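Ready for a little practice in reading a protein structure? Take a look at the sequence and the model below, then work through the exercises at your own pace.

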Amino acid sequence: MYDLTKFQRDLLYVIAGQDEPHGLAIKDELEKYYEKEIHHGRLYPNLDEVVDKGLVKKGELDRRTNYYTITARGQRELEARREWEDQYVGDMFDVSE
């Protein structure tokens, strides 16, 4: 996970949080988060990169539309990232206190 850009890391979170999203659904979610337009020239090369790294699997819905799913390796990477984050900020979000 350390070798991913923050954009690629955000791609993983969006893909993991949806059921086989297609590229435009991922783009829409990221545009909401970033509050600006995400160009195709940024989105698809980064999707290809996380696919090439084995973190995401790309499937084909039809000749024009692909869907994406998180792989087991991608899930492990996300879990490791959350554990790493929690050691620094986990107590900040404990509402029981």
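Here are five exercises, each with a worked solution.

Before you start, note that this is a predicted model, in which local features need pLDDT of at least 70, side-chain atom pairs count only at pLDDT 80 or more, and totals for chains, interfaces and linings use all residues. Residues are numbered from 1 along each chain as its sequence is written, and side-chain values use heavy atoms, with hydrogens and water left out.

**Exercise 1. Check the length of helix α2 against its expected span.**

Step 1: Helices are DSSP runs of H or I with at least four residues, strands are runs of E with at least two, and both are numbered from the N terminus. Helix α2 covers residues 23-34, which is 12 residues.
Step 2: The expected span is 1.5 Å times one less than the number of residues, and for α2 this gives 16 Å.
Step 3: The end C-alpha atoms of α2 are 16 Å apart, so the two values agree.
Step 4: Now look just past the helix, where E35 takes a positive phi of about 55°.

**Exercise 2. Find out which residues of α1 are buried and what covers them.**

Step 1: Buried means under 20% relative accessible area, exposed means over 50%, and partly exposed lies in between (1.4 Å probe, protein chains only).
Step 2: By this rule, 8 of the 11 residues of α1 are buried. They are F7, Q8, R9, D10, L11, L12, V14 and I15.
Step 3: The cover over these residues includes α2, α3, β1 (56-60), β2 and α4.

**Exercise 3. Describe the surroundings of L78.**

Step 1: L78 sits in helix α4, and its relative accessibility of 6% makes it count as buried.
Step 2: A contact means heavy atoms within 4.5 Å. Leaving aside residues up to four places away in sequence, L78 touches M1, L12, Y13, A16 and I70.
Step 3: Pick out L12: 66 residues separate L12 and L78 along the chain, yet their C-alpha atoms are 7.7 Å apart.

**Exercise 4. Work out how β1 and β2 are arranged.**

Step 1: Two strands pair if DSSP finds at least two bridges between them. Here 5 bridges join β1 to β2.
Step 2: The two strands run antiparallel, and they form a hairpin with 5 residues between them.
Step 3: For one facing pair, find K57, which stands opposite T69 in β2.

**Exercise 5. Compare where salt bridges link the chain.**

Step 1: A salt bridge is a side-chain nitrogen of Lys or Arg within 4 Å of a carboxyl oxygen of Asp or Glu. The whole structure has 6 of them.
Step 2: In one of these, D3 and K53 bring their closest N and O atoms to 3.0 Å. This pair links distant parts of the chain, 50 residues apart: D3 lies in the segment before α1, and K53 in the loop between α3 and β1. D3 and K53 also belong to a network of salt bridges with E49.
Step 3: Other pairs lie within a helix. K32 and E29 meet at 3.2 Å, N to O, and they are about one helical turn apart because 3 residues separate them in α2. K32 is exposed at 58%, while E29 is partly exposed at 31%.
Step 4: In α4, R81 and E85 are 4 residues apart, so they too are separated by about one helical turn. Their closest N and O atoms are 3.0 Å apart. R81 is buried at 19%, whereas E85 counts as partly exposed at 25%.
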